[in-house]
Structure formats: C-alpha cells, structure tokens
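Let's take a walk through the charged side chains of this protein and see how they pair up. Keep the model open beside you as you read.

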Amino acid sequence: MKSLKGNLKTHLSSKEKISLFWATGALVGYIPPFPGTLGAIEGILLYRLTMNIPFFHQMMFLLFLSLLGIYTAKVTSEIFQKEDPDEVIIDEICGAYLASLGKKTFFEFFLVFIIFRIIDISKPYPLKRIERAPSGWGIMLDDLAAGLFTNLFVSLITFSLSVMR
C-alpha cells in the first residue's frame with residue numbers, strides 16, 4: 001500500500017481506515033500507474049455482477065454507493081490533504097456503473113469503457129465546472145455526470161448502428 005509519507009496525518013482512526021478502503025475501491029486505487037482506469041473497470045464489473053437484478057435495485061445500489069463515495073472521498077481527501085487524490089476511485093466506480101446501466105453486450109461495455117475514460121480524463125464542459133463543487137461532492141459529481149453522458153452516447157451509437165442494419 002502506498003505510504004502516506006509527507007502527509008501530516010500519521011495516525012488514522014478506524015473511520016479514516018474504513019473510508020480509505022471504500023474510497024480507494026477496496027484498495028485498488030493504490031495500484032499504479034492508472035488507478036482511475038482500474039476504477040472504471042471495477043465499476044463495469046460491479047454492474048455486470050448486478051445487471052440481472054431489477055433496475056430499481058440497481059439505482060438504489062448506485063445511490064448508496066454514490067452517497068458512500070461523497071462521504072469517503074471527503075474523508076480521504078482530508079487524509080491526503082489533496083482536493084482529489086489519485087487513489088480515490090470510488091468516483092470512477094460509480095461513474096462507470098452509471099454508464100453501464102442498461103447495457104448488455106461486450107461491444108456496449110467496450111464503448112462504455114472507452115468513452116467514459118475519454119470524457120472523465122478530458123472533463124469537457126460542464127464537467128470541469130461540476131468538479132469545483134466542494135469536498136466529496138466535486139470528486140463524485142463530475143464522474144457521475146461523465147457516466148450519464150457516456151450512457152447516453154453509447155445508447156445513441158448502438159441505436160444508430162441498429163437503424164443502419
């Protein structure tokens with residue numbers, strides 16, 4: 001696990017350790033060099049595990065995970081003393097999960113992964129503005145917006161391809 005060396009926080013409470021675990025996607029966020037990419041994969045895989053449950057339950061799960069993310073991202077950013085630490089990937093997990101909602105084929109999941117990462121990394125308007133929201137809100141909301149845009153783009157692409165056949 002990456003050291004918190006250079007950080008003023010040296011002794012972590014149980015709350016902080018639990019927050020670190022969840023915010024880093026069960027510690028996957030500590031795996032270099034692209035933790036956000038691994039978070040997106042984790043979000044897609046998590047959706048695949050839940051894709052056969054009712055849509056309402058998927059949405060409740062996403063809501064729970066997003067609220068957990070807002071809180072744990074805030075706590076973790078305070079531990080690292082950074083606005084949006086690279087190790088925090090619960091935002092990518094939730095964004096990729098949202099991007100995957102309703103998708104079923106390998107092609108759709110491939111598009112979700114590629115388009116989500118492009119949008120998440122490039123942060124087009126209004127994502128850059130959303131990212132400025134305070135604390136854990138800013139960390140989470142820009143990725144959820146990227147997930148929503150990705151879901152819409154992938155749906156549009158797959159619909160267009162089906163019409164062209």
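A salt bridge here is a side-chain nitrogen of Lys or Arg within 4 Å of a carboxyl oxygen of Asp or Glu. What you are looking at is a predicted model, and by this rule it holds 5 salt bridges.

A good place to begin is with Lys-123 and Asp-120, whose side chains meet in a salt bridge with an N to O distance of 2.8 Å. Asp-120 also forms a salt bridge with Arg-117, and there the closest N and O atoms are 2.7 Å apart. Arg-117 and Asp-120 both belong to helix H5, which spans residues 106–122. They sit 3 residues apart, about one turn of the helix. Follow the contacts further and you will find a network of salt bridges linking Arg-117, Asp-120, Lys-123 and Asp-142.

Are these residues buried or exposed? Asp-120 has a relative accessibility of 4% and counts as buried. Arg-117, at 12%, is buried as well, and so is Lys-123, at 14%.

Now turn to helix H3, residues 55–80, where Glu-78 and Lys-74 lie 4 residues apart, again about one turn of the helix. Their side chains meet in a salt bridge, with 2.9 Å from N to O. How accessible are these two residues? Glu-78 is partly exposed, with a relative accessible area of 45%, and Lys-74 is also partly exposed, at 33%.

A general point ties these pairs together: side chains of opposite charge can pair when their charged atoms come close.

Terms used: Residues numbered from 1 in each chain as written. Predicted model: local features only at pLDDT ≥ 70, side-chain atom pairs only at ≥ 80, totals over all residues. Heavy atoms only, no water. Helix = DSSP H or I, 4+ residues; strand = E, 2+ residues; numbered from the N terminus. Buried < 20%, exposed > 50% of the residue type's maximum accessible area, 1.4 Å probe, protein only.
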